[in-house]
Number of protein chains: 2
Amino acid sequence: MTEGTPDGVCPVLPSHGRVRPVAQAAITGGFWATRQAVNATATLAHCESWMERLGWLANFDRVADGTTAPDRPGWPFSDSEVYKLLEALAWETGRTGDPEAEVAIKRLTARVARAQDPDGYLNTCFGHGEQRPRYSDLEGGHELYNLGHLLQAAVARLRTAGEDDLVRLARRAADHVCRTFGADGLPKICGHPEIEVGLAEFGRALGEERYVEQASLFLDRRGHGTLRDIPLGRAYFQDDLPIREAEVWRGHAVRALYLTAAAVDVAVERGDDELLGAVERQWERSVARRTYITGGMGSRHQDEGFGEDWELPPDRAYCETCAGVASIMVSWRLYLATADVRYTDLIERTLYNIIATSPSPDGRAFFYANPLHQRAPGRPADGTEVSPRAEGGSRAAWFDVSCCPTNVARTLAGLGGYLATADGDGLQIHQYAPCTISTELPDGRRVAVDVETGYPETGTVRVRIAADEPSPWTLALRVPAWAAGATLITDAVARPVEPGMVEVRRVFRAGDVITLELPMAPRVTWPDPRIDAVRGCVAVERGPEVLCVESRDLPHADALDALVIDPLSGPRTDAGGVRVRGRLPRHPDRPWPYPSATDSVDNPEWFDVPLRPYHSWAHRGPSSMRIWLPASLPPEGEQRA
Amino acid sequence: MTEGTPDGVCPVLPSHGRVRPVAQAAITGGFWATRQAVNATATLAHCESWMERLGWLANFDRVADGTTAPDRPGWPFSDSEVYKLLEALAWETGRTGDPEAEVAIKRLTARVARAQDPDGYLNTCFGHGEQRPRYSDLEGGHELYNLGHLLQAAVARLRTAGEDDLVRLARRAADHVCRTFGADGLPKICGHPEIEVGLAEFGRALGEERYVEQASLFLDRRGHGTLRDIPLGRAYFQDDLPIREAEVWRGHAVRALYLTAAAVDVAVERGDDELLGAVERQWERSVARRTYITGGMGSRHQDEGFGEDWELPPDRAYCETCAGVASIMVSWRLYLATADVRYTDLIERTLYNIIATSPSPDGRAFFYANPLHQRAPGRPADGTEVSPRAEGGSRAAWFDVSCCPTNVARTLAGLGGYLATADGDGLQIHQYAPCTISTELPDGRRVAVDVETGYPETGTVRVRIAADEPSPWTLALRVPAWAAGATLITDAVARPVEPGMVEVRRVFRAGDVITLELPMAPRVTWPDPRIDAVRGCVAVERGPEVLCVESRDLPHADALDALVIDPLSGPRTDAGGVRVRGRLPRHPDRPWPYPSATDSVDNPEWFDVPLRPYHSWAHRGPSSMRIWLPASLPPEGEQRA
């Protein structure tokens, strides 16, 4: 129980688990520090100003002033954007003590607080004046979803500043939810999971078991067809099957993942190994068969949802930014419960290739969908328009459904909470960035390290012990699954280390340095032959980054359609970056594209094709782009080896 | 002008063109006769009974009785299903003189007629009682779309029976449209094109130039952003660009194609070669880059729309049945205008692989979408449920949006109208079925033939002259583009003929036989290398039929994911049907499906894989299925030749 004693930047703090997160970790430079700074200085204000401009904030004033109308600006879930911004601001104050963020929290909290009904209900779209009645559209109304985000914001506030008005109003809202939907209340659920994960963490943060209990109730209710059937089917909101019985994630990706995150929380708090095991199996199959090389999840635009096994089209990949956020939420919870490195591996992949891809360098435009292949470049965004989904290859300032900007903001502001964990014997470092990490072990010993690295530009990670500690402890470092050939240097002795967690147990003195060398040569990756949509293609990765080719780096506009690369000559790195050998066969323009024979051979010149990190695509303006590159070799590998 | 003198089954009758359709053509047996009989004896009544059950017919009664409410059963476009059924019934009476169909026409017409307002407006969703006002939602209201289908039904009635109540009420509706949306009226258009093609043909059928004029007005208005922008963009309803300026079909496929059909009509009636040329260029690029091997159009579920060039995923292919109907409408009009055989080639492909695929053998269930790859078989349909889209690989009895069943019904009933054309010098036969064809040439000579064939089971097409004619005339037969190696036999002399139209000009006597031998050996087809989604795969076709593999013909349930075939050994035909050599490499189940090397070689036994016509897939129950089969050869063909 931590009320009044803030823990720091720590979005997830289970009451037990194999390891516990380290809240005292601060990123001090490099790739992520830049993004955190842009988030702090640009994105947070950008989000508030758009919500003001569009009337999403004024929706709260209208409820408070009794001036609601049947219609209002924004979708029913626009309240949640305010709460996600509050969460981001709270992590930001915890990270830097930024006084502007503190003022913004108070300003926004005051407006939200005025709109809360005396019984704790809080919503700007339902339940006031001529609006539809409370909970009259559980399938689409998002009332509980919104409150879930409110509770997550309150958790952030509680852990970084302690109890305040935001936390108190969140308590009233959580109590209202428990009264209304408790064991003796309405036996219903919300179409969009999120209240569950909000209740579980808020309950943990406050030591209020009944909030966790309510999360558990909601979880158990789902999957029994309580929600009305819809044309997309009840799988859309995971009401088709109890979560314990499901074998794979399906339906709307963000919904599936928010729900799963809550399931891990409830399983851990209640020691429910059956539920935890079910979630682990769902993760396994979904990651093995329904996940993109970028870590992106959600293959379909139609329902923003998972497709079938192996249905992973690169061009129509939806890979919603928010699904990346939610995937990290799930994997982090699973890691804390199990200490299995596969979860932190996937987090790294998702951070570099989804979270880092969404925002523009100036933090004022975002990708919503993250396709792996852009066929036709759209027009440049002008920064003033609300985009439907930013599908044309230009990041957009804001969206009609604008869940992604605030989701990126809260993830970046809270990123320090995902770097490291501790257990009874020492410290585990998972994500590499220049940073300081310190924590108290359960027996009271304090361990502290500084990390120096140019990662992911370079592969050297130096961990410098920052404090003497006379008894031995274990420093564990994650060797990513892709990092075959890594070496660990201790006391000037290098030894090869395998992917997984590499441990050094000894007495550490301040100034001791442990160095991990990760191999950063670009590498060719082949897709499982069952992923039909990229058959015959390869991708190039470098460290945690997936690379891509943009049409603006090729000789002519249509070249990306013709490009074939030679995967056997291997990608090379030179001063200009990573390059592969490619060529551009000329394809005849047939009136009918299904001929009775393949094209006759032509042998155009090979040339160097520059690759760039996928997360930086379209930084130079709209472009066509592809990650998966057709290879001049048989795809099934039958004629190699 | 044909009022009072029915022409027969002739959906399209331009006032001029390179050729004119032959209305006196009757299919007497074989593949299509079976489907026409099922359509007549099962589908027509099936459609009426579902529309009665769901209240779509009672909607007309409610308007007539003044008992409308703000809400009513069905989507705003449900009226159009009644009109498409009327069109189907009218062609059916023209085809067979079926008295039941005649009774049904009168029964339905009477109900529709009662709902018509005195000024000709006719709609059950808008404009009465507490319903929304007329034309208050042109983007989504479908009022003019519905009327377009009414006019097409009236055309069918006029050409098969002459003027009656249906034709008269359609006249009143058309006059209302012209008054309301004429040059001095509302300068608006309907979100779903269809009124244009309805007005143009109704105008031609009645000799009412002003209806064609109104169609032309609607066409010219579109593309100027008159309709409100929507999240899917104005391209969704082709209001992004004037039709003369467009280079390719885009947005919602059925909308794009209905609009294009009208554009051909208007271009032909007004001698507007610029417009005709624009449409031909759009057809060319769309067929070359945005069309499936089945003839299916529309790659995307999200907007039921065309994708970008080369975006042709087989698994998520939408290929709406109605887009197949609409594609035939476009190509037939273009053929009549130009006599270019590429259009009738595409019609054949679409007939065998989209139109024939949708209905079940009993005519009481339908596919809405026609994917080329079904990953997971759904559950069997039980014939009593309204399906959202029948996406699970089971044909459904009816749909929430149920445009496809009636569209198939009207196409099958009117199919005789697409078999043959005539010009000043003779007869052209385009689609091969056992049939009788007779027509009067412009100079008064009557030519008549009987066709005997087992097509597409066998490739022999015998055309027997049915009437003496002392002066020479030309019989032209379509040799499909796929039929390299065809031969023509005249007077016991065989000669090789090339794809295109093969002509025999001479004096024909009754009993003369001309025989076309089309090569029916199964053949391997390769996709253009730019169609990323099927790279490394081949398809097998036989005659006009695209073939597929169903999982139920393979050794185990997951086999379809592993199947690789040998395209070089070639498909074979034996008593059991068509077979290819295939094998099932064992793929390791990796935790992460993007390894750093391809699988090591395994060499499982080759075995015979049976193929079936795609149009018959899932006839034996739900199954996974694929048309494009991974080939054990490099896809780009670089290492062949």
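**Helix crossings and an aromatic pair**

User: Which residues of α10(A) meet which residues of α11(A)?
Analyst: Leu276(A), Val279(A), Glu280(A) and Trp283(A) in α10(A) meet Val330(A), Ser331(A), Leu334(A), Ala337(A) and Thr338(A) in α11(A); contact means heavy atoms within 4.5 Å. This is a predicted model, where local features need pLDDT of at least 70 and side-chain atom pairs pLDDT 80 or more, while totals for chains, interfaces and linings use all residues. Residues are numbered from 1 along each chain as its sequence is written, chains are lettered from A and ligands numbered from 1 in written order, and side-chain values use heavy atoms, without hydrogens and water.

User: Why are α10(A) and α11(A) called oblique?
Analyst: Happy to explain! Their axes cross at roughly 130°. Under 35 degrees counts as roughly parallel, over 145 as roughly antiparallel, 65 to 115 as roughly perpendicular and the rest as oblique, so α10(A) and α11(A) are oblique to each other.

User: And what makes α3(B) roughly antiparallel to α4(B)?
Analyst: Those axes come within 9 Å and cross at roughly 150°, which makes α3(B) roughly antiparallel to α4(B).

User: Why is the pair of Trp592(A) and Tyr594(A) edge-to-face?
Analyst: Good one! Rings of Phe, Tyr and Trp (its six-membered ring) pair if their centres lie within 6.5 Å, with planes under 30 degrees apart stacked, over 60 edge-to-face and the rest tilted. Here the centres are 5.0 Å apart and the planes at 65°, so the pair is edge-to-face.

User: Are Trp592(A) and Tyr594(A) buried or exposed?
Analyst: Both Trp592(A) and Tyr594(A) are buried (under 20% relative accessible area; exposed is over 50%, partly exposed in between, with a 1.4 Å probe and protein chains only).

Methods
Axes are lines fitted to C-alpha atoms, for helices over the stretch in contact, and angles run from 0 to 180 degrees between N-to-C directions. Helices (H or I, at least four residues) and strands (E, at least two) are DSSP runs, numbered from the N terminus.
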